[in-house]
Each structure stands twice: as structure tokens, then as C-alpha cells.
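Hi everyone, thanks for coming. Please have the sequence and the structure open while I talk, and turn the view along with me.

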Amino acid sequence: MPGLLTASGDTSTIVPYSPEPSTPTVYTLHHGFNPPITPRLSISWSRGNSLRVTVFRSPDATNSNGDESGGRVVDLKLSGEDVDSEINDTARWRRIAYGSVSPFAHLQNKKNAMAALSELRHSAPYDGEWSKYVLEYSKEINSLLGSKKSSPTSLIEDPKTVLKNVEEPSSLKAAWELLEIFYADKQSHPWIPEQLVDWLSDYDTLFSGQVPSVHLRLVEFQAELINIQAVENEPRYWQAISSALAVGWLDIVVKLLRLHGSYQLNQLGTRETENGLVEAVAVLVSKMPRMRADLPSGKLGECYFNKSDFMRAWEKWRAQITKLDCSAFWLQCGHNQTKENLKNLLQILLGNTSNLSSATCHWVELYIAHFLYIRPFTSGLESMYVLAQKCIQLKPTSSPHKLMRLMLGILQENTEVVLAECSRSFGPWMIAHATELLTAGSVEAEILLKEERDNLGGISIEESHRLVYAQVLSSHALTWQIAPIYLISCVKHGVGLLEILLYKQPAYHSQVLLKNIEICRMYDLDNVSSNAMKIAGVHHWKHGRKGAGVFWLQQARDEIRLNRIAQKLFDFVGKSISDESFEQWEGLIELLGSESRTAGGLEFLHKYRDFKKSLQQVQDGVFNDAARKAGEALILLMKNPSTPQRFWLPLLYDSLKLLNWQERPLLNVSQTNLLLNKLQELSVARLRPDFVEVGLPPQALSSVRVALATNLGRAILEE
């Protein structure tokens, strides 16, 4: 049953210039200020067909809350087609955008799997299961677009409440359901007329803003109903019943009929015949045969799944209507308005064209009325389109609603018109997701949408619309992450544009970079991922975050830059071998690793770090494992060819404690000779002009030479 829309909150409005001052277009501007505001406005063009409106509070305006800003900037989308205003709400748009990703991706995976399977079997690309997948996809998207929510109901129902208070329906959802009825729900094609009856019941209110409608007529009557004493004397009462009956809102019809004055207890004795006629019509309405699988809760009528059973019930029902129409009880009815209007209702039930035309407000309502009472077995889009043209002639509309244009495009079986209307009236999201419905089971539509075209740069219409939608997603910081789902489904340019999108993301933001890497991993874009990590590593290194820089360069396996960093570190440590300078770089040495191919010969620095740690554990004058291990580590370092020559003296100078060990010599004769030979080589090397001195005391060389000589003598004596 259609509902009564809830009243919207207080908002300010802008009325743009229109060449037809009698019918201005009103746009709602949600600025968020508390009244009074007496604003000043600055208006400029934004992207596309949007205005950027800056609302300034007046300087002398008092701010009761004390926390409101002095101005707001609001983007106002303008369109003569009233492009889905509910999508303009940013939060709602993001919810729809994110929610539609999973159904779309799941359907694409199914499509790819079925295409691969068909190649193996050398069979047709799709089988009967594809229609089921498309319908599941359509249902998921439909549920995402919202559901009809009623206001909380009272425990005691008001008998004069004809329409329930419900949220305003979405024209986007109405359009999607229309596409689902004609393209996706193949199993329900025999019940398309009844599906359209339900569709109009839910969305007739959308027509009210542009053309008169039955819903608007009922809303106006309900507003007046509370002040009417005897409803049967009011022409608007009978007009509301006739209109609701014409479009199949049987529950409303029965409820209105039982508001008739003859049902009052004090009237039953004097108006028994009149009441009997009203009740007879109400029963006939409630028992109307319906060619459909089932009825929603609260709907009236009797369902018939089988066509032959429905035909028998239909003929029997119409015979009962004819019998009542010819009954002698009409002569006994003393209320002429009741008698005339009840007979009018019977003529509507019998399918009188003039009565149906008078009861409906626009051609879609008349179209539905024909399905209900004249041509319930109408099938095939061609015959349905012919009927629609007939209804348009009877109920012409000067400015047809976008849903009317969409319905005509569907009935014409003109996929290009449907595409154009979806794109113009409902935006890129609609067209990017609706193509899967349009191509379901239609070879012509699939050829039209998937054929590569030179005027589009060698891509198909389907791919071009997905690229447009992906561009819309990419332009927003909160939705770019889902654009790859749509780009990867574009065979021609999708991967290239995806790489461009990923390269444009700021790699220095950790969360963005991690998302970037995840997307690259999903779509095997290892090169893009590696380059993004290199960019992040260089950025962090240049801005002083050296640990983060090395980490990302390691993740990218950037051998060249890591080797440069390692060499720079190596040179720095070699120039200043003090404990303080070494500790400053120790964390970076650990992070760089010890593999020479990765860290540029930093294996020595790791061994040097271990040697320094073992020296710290040595206790003066106490021979233990720590002292022995420190001596062995020294010999290994001096033997290792990766140990640079400029580190020999610092190593020996740090080891004076080992060389001058009081208890016993820690190094034997051969080991001491090795160190003396290294010291001799170092003395010769210092004569070269390219030799780099390290920051040690001047007496360091002589101290090491004396210590080695002393240790050699003690070692000879011990051996």
C-alpha cells in the first residue's frame, strides 16, 4: 500500500531563474545554520552541473550557540532532469558506492569462471545459471538502495488513516526495480503486469512532484477527511476510491468503503440496503483474482498461479459483478450519490475505458489499470509498448517524468534509449551497474554494449561507462580504493588507468601505501607496488625518517639505493669509530641486514657490533668465556677480507684490554704475529695520500704496537 510522506525539516531554498516563472524549480540548500541567518551568498560554478554556494552569516547576526562558523560552502547540483537528489547526499552516496562493490565483483568473478569453463567445454558462453546469478546480483543492489520504512504504528489504529507515514522513496531504487522486472527476473515474466502494479504502489508518489497522481489525490483527501462528517456526500471521497481502485490498491478501497456512513450503528436500520450494496462491492474488490505467485502481507485479492485457473476465476468474478450491476436492489437504494458511484466502481472492475481514464491521473496509472481490468494476459514487450502508446494518447504529458521515459525505452526494446536515460537521469553509478541487467539473456544488447567502437577509442560502450564511474570514484579521497574493482573489469584500458591511479596516491601516507600494496597484490601489479615502496622509501629518507626509508626500500628490494645507503653508512662509521657514533647508527645497521648483496658489505659492521658487545661483557682481570670469545672474535675480524683496512687500528685499539690481559696472554704466537703483520701493512698504507685517518688518539698506534710486542713475548714464554 502506498504511504504518506513524512514532512521534511525546515530548510532554506534557492529559486533559480527560469524562463517560465509560473513553474520555478526549487533546490534545497542544506547550510546547517540555525535561524535567523539573513545570509549573504556567493555563487560560482563548480564541477559539472553543480553550483558552489558560499553562505555567509551577517556580521551583526547574533550567534546563540556561540559555536557556529561564520560561513559554509555547499555544492548544489543543478539539473532540469532532477538527477537523483538522494544520491547527492555524500554519506549516502558513499554507502551505496561501497555496498555495490561486493555484488559487482562477485558477479564478475562468476562471469569469468563461466567463460573459462565454456572454453574448456567448447560450449556456449553462458548457461541457464547465469540468469540466476544476475537476479541475485540485482536483488543485492536493490536491497542496498533502501527499503520502505513506515513510521511506528499506534496500538490503536485510526480508522480515518488511509495512508501510512513512510519515508520518501528513491527514484534510483524505482528505476532499478523497473530494470529488474523486465531484464533480470526471467522467471516472473508471466506476472509482469502484477509486478508493475506493486511497483506503482510503491513509487507513484515520485510522480507527484511533476504530474498529478493518485497518490497525491489520496494525500489531499486524507488531509480533509478529519473534517468531513458524512463522507458519502463528498465527491472527493468517491473520486479517491475510484482512483485507488483503478490502480489496484484494493486494501485502500475496502478501507475507504467501510468509512461509508451506512456502517454506523445508528444508520443500519434505515440504510440496510445501501449498506448491503457497499459491502457487496467491498467483498467483490477484496476477492479480485490476481495472476501472480503470492501477495504481500496486507494486500487483498486471490492469487492464481495457473493461467487456466485464473481464467475460470476471472470469468466467474466478472459474472458476479455483472449480476450485481443488474440487481434490483439498486432501485431500493435511497442515496443517489452512493448508488451512482458504486455503479461507477463496478464499471471500473468491468474495465470500462472511459471510467478508468477518468479515475487515473497520468498514462502510467492508466496503463496499470488496463493490465488489471482489461488485458490481464498481456505479454511481450511489443504488445505492451502498443498499449503504452494508446495510454499516452489518452493521458498525454507535456513534461514526462524520467521514470516514464525509462519505462518507454524498456518497452520499445531500445537499449540505447535505456542507456541514455539511465546515464542522464541517474548518473554514472546506475549505468555502470545496470549494464549487467541489460545484457542478461539479450544477444542484441550484449553486442551493442560489448562491441569495440572506433569513436570511443577502440573500447566498448560498457567499458566506457565503467571508466567514467571509476573516474568519479577516483576523484574522491574516500572512494578511490574501490575504483580498481571497476577498472580491472575493463579489458582495454583498465589496467593502464589503474596503474596511473595507484601512482597518483600519496605514498608517504602509511595507510594509503598499505592499501596501494594490497591492491597491487590482488591484481598482480608487482612492478607498481615496488615503485610505490621505492617512492615511499626515498621520501622518508629525505625527510629524516631513515629507518622507515630503509624499511620500504628493503620491501621494494631496491638493491641500488640500499647499497648507496650502506656505503654512506659505512663511510660515516669508518670516519668516526667512537662508541657514541656507532651507537647512533647501530639500529640502522641492524635494519639494513648483513647480506652483502643487499646491504653493500655491511657484514663487517654486524660482526663489529657483536665484537663490541662481547668486549662490554669482559671483566677486567677475570678470565672467562667472554674474554676468550672476544679474542676469537678479534682474530676473525682481522682475518676476514671484508674488514676494511681503515678499521684495523680501531679494532686493535679497542682490544688493548685483551692484549694487556694480566692473568695470561689471550692470543697465541701465530695470532699475535697475524695482528703484527696487519699493523705493519697499516703503517705502510698510511704513507699513501688517499689514506683516511680515523678519529683516534695520536698515541693509539704506538700503544697497540707495545701491547702486541708484550703479548708476543708472553705467548712465546707460555708456549
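**A walk through the model**

Let's begin with a helix. In α23, the buried residues are V528, S529, S530, A532, M533, A536, G537, H540 and W541. Helix α23 covers residues 526-542, which makes 17 residues. How far apart should its ends be? At 1.5 Å a residue, the span should be 24 Å, and the end C-alpha atoms are indeed 24 Å apart, so the two values agree.

Before going on, please keep in mind that this is a predicted model.

Now look at what comes before and after this helix. D524 sits in the loop between α22 (510-522) and α23. Its phi is near 55 degrees, which is a positive value in a residue other than glycine. Is D524 buried or exposed? With a relative accessible area of 63%, D524 is exposed. On the other side, just after α23, G544 has a positive phi of about 90 degrees.

There is another residue to put beside D524. R557 also has a phi near 55 degrees, again positive and again not in a glycine. You will find R557 in the loop between α24 (546-555) and α25 (559-575). R557 has a relative accessible area of 69%, and therefore counts as exposed, since the cut-off for that is over 50%.

One more helix for the ruler: α29, residues 625-639. It has 15 residues and reaches 21 Å from its first C-alpha to its last, close to the 21 Å expected at 1.5 Å a residue. Its buried residues include A626, A627, A630 and G631, as well as L634 and I635.

Let's zoom out for a moment. The protein chain has 33 helices and nine strands. Of its 719 residues, 47% are buried. What share of the accessible surface belongs to carbon and sulfur atoms? The accessible surface comes to about 36,100 Å², and 53% of it belongs to those atoms. Then there are the contacts: among those with a separation of 6 or more, 64% join residues 24 or more positions apart.

Next, the aromatic rings. A pair of aromatic rings is described by the distance of the centres and the angle of the planes. How many aromatic pairs does the structure hold? The count is 15. Take Y137 and W176 as one of them: the ring centres are 6.2 Å apart and the planes stand at 70 degrees, so this pair is edge-to-face. Y137 belongs to helix α3 (residues 129-144) and W176 to helix α4 (residues 171-184), so the pair ties together parts that are 39 residues apart in sequence. Y137 is buried at a relative accessible area of 2%, and W176 is buried as well, at 0%.

Compare that with W199 and Y203. Here the centres are 6.0 Å apart with 50 degrees between the planes, and the pair is tilted. Both residues lie in helix α5 (residues 192-203), four residues apart, about one turn of the helix. W199 is buried, with a relative accessible area of 1%, and Y203 counts as buried at 3%. Rings can also gather in groups: F310, W314, W317 and F377 form one aromatic cluster.

Now for a charged side chain. Please find R292, in the loop between β8 (289-290) and β9 (302-303). Is R292 buried or exposed? At 8% relative accessibility, R292 counts as buried, because the cut-off is under 20%. Which side chains does it meet in polar contacts? One is the side chain of E194, at 3.0 Å, and another is that of D198, at 2.4 Å. Leaving aside neighbours within four places in sequence, the contacts of R292 also include W191, C303, Y304 and F305.

My last stop is Y237, in helix α7 (residues 235-246). Y237 is buried, with a relative accessible area of 0%. What does Y237 touch, not counting residues up to four places away in sequence? The list is F221, V231, E232, L256, L257, L259 and H260. You can also locate L218 from there: it is 19 residues from Y237 in sequence, and the two C-alpha atoms are 9.2 Å apart in space.

That's my tour, thank you for listening!

Methods
Residues are numbered from 1 along each chain as its sequence is written. This is a predicted model: local features need pLDDT of at least 70, side-chain atom pairs count only at pLDDT 80 or more; totals for chains, interfaces and linings use all residues. Side-chain values use heavy atoms; hydrogens and water are left out. Rings of Phe, Tyr and Trp (its six-membered ring) pair if their centres lie within 6.5 Å; planes under 30 degrees apart count as stacked, over 60 as edge-to-face and the rest as tilted. Helices (H or I, at least four residues) and strands (E, at least two) are DSSP runs, numbered from the N terminus. Buried means under 20% relative accessible area, exposed over 50%, partly exposed in between (1.4 Å probe, protein chains only). Contact means heavy atoms within 4.5 Å. Accessible areas come from the Shrake-Rupley method with a 1.4 Å probe; for residues, only the protein chains shown count as cover. A polar contact is a pair of N or O atoms within 3.5 Å; within protein, one must be able to donate a hydrogen and the other to accept it, and residues adjacent in sequence count only if both atoms are side-chain atoms. The expected span of a helix is 1.5 Å times one less than its number of residues.
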